[in-house]
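Visitor: Hi, I have just opened this one and could use a walk through it. Where should we begin?

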Amino acid sequence: MAHLGHGKPTEMTAEAALAAAKVAKPMAVTHIKRDDDAMGLKPGNPVTVTPDDNAKVPVKGTLVAADANKIILHHANPQTGDIHVHFPRAGFELEAA
């Protein structure tokens with residue numbers, strides 16, 4: 001991380017962040033194998049990702065990629081438009097929807 005640095009953060013309001021997300025388009029996933037999920041779920045499958053702690057609020061979407069360490073979900077809603085949400089594998093449950 002020291003080599004990569006922390007970028008150049010710019011302060012913005014929540015409204016500005018949502019507006020930026022809405023006009024942005026998700027990038028193609030190239031940093032992990034798209035179909036390396038141990039449960040056999042494949043990209044394009046409808047899924048839910050749920051924290052395994054006491055705040056069990058699922059996020060619904062379409063699986064983009066998953067491996068032993070991370071889950072990437074395509075999610076769309078009126079506030080953000082199309083986004084990719086990245087979850088760590090530890091602490092989250094991935095299930096077919």
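Guide: Let us begin with the charges, keeping in mind that this is a predicted model. The protein carries 10 positive and 11 negative side chains, and the centres of these two sets lie 6 Å apart.

Visitor: And what does the protein span along its principal axes?

Guide: The C-alpha trace spans about 40 × 35 × 30 Å along those axes. The accessible surface comes to about 6,800 Å², and carbon and sulfur atoms account for 59% of that surface.

Visitor: How much of the protein is buried?

Guide: Of the 97 residues, 25% are buried. As for contacts with a separation of 6 or more, 47% of them are between residues 24 or more positions apart.

Visitor: Okay, switching to the fold. How many helices and strands are there?

Guide: The protein has one helix and five strands, and reading along the sequence gives the pattern α-β-β-β-β-β.

Visitor: In what order do the strands sit in the sheet?

Guide: The five strands form an open sheet in the order 4-3-2-1-5, and their pairing is antiparallel. Strand 4, residues 81-88, and strand 5, residues 92-96, stand at the edges with a single partner strand each, so one side of each has no neighbour in the sheet. From one strand to the next, the twist averages 40 degrees.

Visitor: What holds paired strands together, generally speaking?

Guide: Strands of a sheet pair through backbone hydrogen bonds, and the pairing may be parallel or antiparallel.

Visitor: Then how many bridges join strand 2 and strand 3 here?

Guide: Strand 2, residues 59-66, and strand 3, residues 70-77, pair in the antiparallel sense over four bridges. The two form a hairpin with three residues between them, and within this pair L63 stands opposite L73 of strand 3.

Visitor: What about strand 1 and strand 2?

Guide: Strand 1, which covers residues 46-51, also pairs with strand 2 in the antiparallel sense, over four bridges. In this pairing T48 stands opposite K60 in strand 2.

Visitor: Let me stay with T48 for a moment: buried or exposed?

Guide: T48, which is found in strand 1, has a relative accessibility of 12%, and because buried means under 20%, T48 counts as buried.

Visitor: Which residues does T48 contact?

Guide: Leaving aside neighbours within four places in sequence, T48 is in contact with P58, V59, K60, E93, L94, E95 and A97. K60 in that list is the residue that stands opposite T48 in strand 2.

Visitor: I also spotted T80. Where does T80 lie?

Guide: T80 lies in the loop between strand 3 and strand 4. At 10% relative accessibility T80 counts as buried, and apart from neighbours within four places in sequence, T80 is in contact with L18, A21 and K22.

Visitor: Now an edge strand, please. What does V85 touch?

Guide: V85 lies in strand 4, and, not counting residues up to four places away in sequence, V85 touches I71, I72, L73 and H75. L73 has come up before, as the residue of strand 3 that L63 stands opposite.

Visitor: How does V85 count for accessibility, buried or partly exposed?

Guide: V85 counts as partly exposed, at 21% relative accessibility.

Visitor: One last thing: how far apart are V85 and G5 in space?

Guide: V85 and G5 are 22 Å apart in space, C-alpha to C-alpha, while in sequence they are 80 residues apart.

Note on methods. Residues numbered from 1 in each chain as written. Predicted model: local features only at pLDDT ≥ 70, side-chain atom pairs only at ≥ 80, totals over all residues. Heavy atoms only, no water. Pairing = 2+ DSSP bridges. Axes fitted to C-alpha atoms, helices over the stretch in contact; angles between N-to-C directions. Buried < 20%, exposed > 50% of the residue type's maximum accessible area, 1.4 Å probe, protein only. Contact = heavy atoms within 4.5 Å. Areas by Shrake-Rupley, 256 points an atom, 1.4 Å probe, with all protein chains shown as cover. Lys, Arg positive; Asp, Glu negative; His and termini not counted. Charge placed at Lys NZ, Arg CZ, Asp CG, Glu CD.
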